[in-house]
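Let's take a friendly walk through this structure, starting with the broad outlines and moving on to individual residues.

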Amino acid sequence: MIANIESFIFQLMNYPYLQNALLAAILVGIICGVIGCFIILRGMALMGDAISHAVLPGVVIAYMVGASFFIGAVITGVLTALAIGFISQNSRIKEDSAIGIMFTAMFALGVVMITALQGTSVDLWHILFGNVLAVSQTDLYITMGIGIFVLLTIFVFYRPLLLSSFDETMAKATGLPVKWIHYMLMLLLSFVTVASLQTVGIILVVAMLITPGATAYLLTERFSVMLFLSALFGIISAVSGLFWSVIYDVSSGASIVLVASAIFIFFFFFAPKQGLVFKWLRTPKRESKIS
Amino acid sequence: MAEQFVNVDNLSVHYYGQTAIRDISFSMKKGTIVGVIGPNGAGKSTLMKAMLGLEKFGGRVSFFGNNINNMRKKIAYVPQRNSIDWDFPVRVDDVVLMGRFMHIPWYKRASKKDRERAKAALVKVGMESYSNRQIGELSGGQQQRVFLARALAQDADLFFLDEPFVGIDVRSEEIIVNILHQLRNEGKTMFIIHHDLSKVEKYFDQLVLLNQVLIQAGAVEDVYQPSFLKEAYQGNAAILKEGNEMVVVGP
């Protein structure tokens with residue numbers, strides 16, 4: 001184990017691509033963790049999954065026309081969010097069904113486009129599952145830009161975001177533009193997904209959004225602390241996931257997600273207040289016999 | 001002199017062609033506690049949401065001569081308890097501080113004064129010793145008091161409370177009623193949705209009785225009459241006379 005860590009540090013110091021990968025993974029851990037808290041508390045986990053899948057056609061089109069994949073992804077991500085809202089508000093279809101319709105449609109469109117382009121440089125596997133070791137200097141700058149923008153937005157709009165997540169009716173009554181706040185979050189979510197494309201890939205982004213936040217949710221009773229803990233778990237998952245992936249030569253995105261899941265499972269059982277084990281211990285014997 | 005009334009003129013709300021409430025008009029003087037009562041599905045919440053400008057409506061609403069949009073900071077809202085996610089990671093003091101949010105400019109943090117104002121509101125509802133608790137750990141009555149504290153912290157002139165007396169203990173009820181009376185004596189105006197008919201005379205000064213259309217609005221003793229109640233609740237309530245006390249058995 002110690003030898004492995006030494007080897008990881010040695011490689012880290014000698015290979016710039018690994019440094020880029022580590023930085024990108026840490027950044028993604030932070031922003032996914034932070035945005036994820038809002039996604040969880042607003043009950044939008046499915047929406048997170050939807051937006052992340054829906055960016056696929058945008059990425060492919062961007063590759064085709066040679067534009068930045070960032071722009072293409074954000075456009076299709078936001079379009080999908082708007083389309084989901086449009087369908088659920090203008091028919092009897094509920095939002096979760098609208099999400100199911102839209103994101104699979106967009107994802108299928110992306111897959112069809114990629115298979116039509118067979119033989120070009122678009123690598124479906126990398127988009128779907130990420131390849132953090134291929135993060136270029138430019139990608140890193142884009143990720144940094146997105147990270148700063150997302151964190152700054154949340155810092156500035158912390159109070160409206162908190163109030164509209166907790167008590168939407170009061171938020172509306174005090175005149176907050178609740179609908180715009182929702183679409184702003186969708187925009188941020190698209191940004192975050194794009195930033196995560198190379199690190200964990202489209203399929204697993206939702207894990208980075210939900211799992212660290214859910215873990216933090218088990219540990220705290222304050223929203224600000226939840227944001228902080230979630231980002232922290234994101235970082236820990238990123239760093240140790242990358243470590244495992246380098247040492248054992250396995251997929252980086254999947255390793256990162258596995259670490260995040262392991263942390264979640266640990267706290268699911270052993271969180272001081274919410275953990276299952278301590279809940280069992282607190283249950284009086286009499287009650288447990290009845291059930 | 002500023003206008004002293006909350007006026008509602010011919011207020012109607014439709015959902016997809018279905019009428020929720022129709023042609024509701026009433027006028028309530030500043031400094032009163034107004035009960036909004038009626039059976040389930042009568043449109044009480046719809047009326048409140050329309051008055052708050054959260055629902056598209058036909059007609060006119062004015063608060064002391066002002067449009068709602070000029071009054072938003074002065075209007076406090078206490079939600080129905082079942083509309084809140086009680087697992088949300090906020091503590092009691094965080095919730096009460098939300099009552100100050102609309103007064104804090106976006107580029108500033110909550111000041112010491114804001115925190116003191118929130119603390120004072122919490123003391124007023126007798127919940128200061130719970131300030132570090134997560135809101136889901138409280139009883140129903142305590143939760144309701146915390147949300148009332150949030151409204152108090154807002155320094156509002158108008159209060160809208162949605163079913164504040166549902167599922168709460170006697171002590172919380174007493175505290176809440178006392179605070180409402182105190183607010184009235186300070187010249188504040190309150191609209192309170194109340195769905196059963198018990199204690200109506202104890203809680204309110206004025207009543208708005210509706211069932212999609214307005215049945216009657218005015219002083220409690222004028223509105224709380226068997227004939228009007230029968231009209232509003234139709235077959236769903238039995239009205240008994242026990243001496244002078246009127247008891248209504250809800251559905």
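## Before we start

Two residues are in contact here if their C-beta atoms, placed from the backbone, lie within 7 Å. Please keep in mind that this is a predicted model.

## Ile84(A), a first example

With that meaning of contact in hand, take Ile84(A), which lies in helix α4 of chain A. Setting aside neighbours within four places in sequence, Ile84(A) is in contact with Ala50(A), Glu95(A), Ala98(A), Ile99(A) and Met102(A).

Is Ile84(A) buried or exposed? A residue counts as buried if 20 or more other C-beta atoms lie within 10 Å of its own. Ile84(A) has 26 other C-beta atoms within 10 Å, so it is buried. Between the C-alpha atoms of Ile84(A) and Met186(A) there are 11 Å, although 102 residues separate the two along the chain.

## Chain A as a whole

What is chain A built from? Its secondary structure consists of 15 helices and zero strands. Taken along the principal axes, its C-alpha atoms fill a box of roughly 65 × 60 × 40 Å. The radius of gyration of chain A is 20 Å, which agrees with the value near 19 Å for a compact globule of 291 residues.

Of those 291 residues, 48% count as buried. Among the contacts in chain A with a separation of 6 or more, 71% come from residues 24 or more positions apart.

## Two helices of chain A

Helix α10 of chain A covers residues 178-196, 19 residues in total. From its first C-alpha to its last it reaches 27 Å, close to the 27 Å expected at 1.5 Å a residue. The buried residues of α10(A) include Ile181(A), Leu185(A), Met186(A), Leu188(A), Leu189(A) and Val192(A). Which helices do the buried residues of α10(A) pack against? The partners are α2 (16-41), α3 (45-65), α4 (69-89), α7 (137-156), α8 (158-166) and α11 (201-217) of chain A.

Helix α8(A) is mostly covered, with seven of its nine residues buried. Those buried residues are Pro160(A), Leu161(A), Leu162(A), Leu163(A), Ser164(A), Ser165(A) and Phe166(A). They pack against α2, α7, α9 (168-173), α10 and α12 (223-248) of chain A, together with α2 of chain B.

## The largest nonpolar core

The largest nonpolar core holds 168 residues, and Ile31(A) and Ile35(A) touch the most other members. Which element gives this core its largest share? That is α2(A), with 16 residues. Chain B takes part as well: domain 1 (1-71 + 157-251) and domain 2 (86-155) of chain B each give the core at least three residues.

For a closer look at Ile35(A), leave aside its neighbours within four places in sequence: Ile35(A) is then in contact with Val150(A), Leu188(A), Leu189(A), Val192(A) and Leu209(A). Leu188(A), Leu189(A) and Val192(A) also appear among the buried residues of α10(A).

## Chain B and its two domains

Chain B has eight helices and 11 strands. Its radius of gyration is 18 Å, close to the 18 Å that the globule rule gives for 251 residues, so chain B is as compact as a globular protein of that length. The C-alpha atoms of chain B fill a box of roughly 55 × 40 × 40 Å along the principal axes. Of its 251 residues, 43% count as buried. Among contacts in chain B between residues at least 6 apart in sequence, 66% join residues at least 24 apart.

The domain assignment splits chain B into domain 1 (1-71 + 157-251) and domain 2 (86-155). The C-alpha centres of domain 1 of chain B and domain 2 of chain B are 26 Å apart. Their contact takes 11 residues from domain 1 of chain B and 11 residues from domain 2 of chain B. On the domain 1 side, helix α5 (residues 170-185) of chain B supplies the largest share, six residues. The residues of that side divide into six nonpolar, two polar and three charged.

## Where the chains meet

How many residues of chain B are in contact with chain A? There are 18, and they are in contact with 18 residues of chain A. β5 (75-78) and α2 (92-98) of chain B each supply at least two residues of the chain B side. That side comprises 13 nonpolar, two polar and three charged residues.

Conventions
Residues are numbered from 1 along each chain as its sequence is written. Chains are lettered from A and ligands numbered from 1 in the order in which they are written. This is a predicted model: local features need pLDDT of at least 70, side-chain atom pairs count only at pLDDT 80 or more; totals for chains, interfaces and linings use all residues. Helices (H or I, at least four residues) and strands (E, at least two) are DSSP runs, numbered from the N terminus. The expected span of a helix is 1.5 Å times one less than its number of residues. A residue is buried if 20 or more other C-beta atoms lie within 10 Å of its own, exposed if 12 or fewer, and partly exposed in between; C-beta atoms are placed from the backbone. Domain bounds come from an automatic or database domain assignment. Ala, Val, Leu, Ile, Met, Phe, Trp, Tyr, Cys and Pro count as nonpolar, Asp, Glu, Lys and Arg as charged, and the others, Gly among them, as polar. A nonpolar core is a set of buried Ala, Val, Leu, Ile, Met, Phe, Trp, Tyr and Cys residues joined through C-beta atoms within 7 Å. The radius of gyration is taken over C-alpha atoms; the globule rule is 2.2 Å times the number of residues to the power 0.38.
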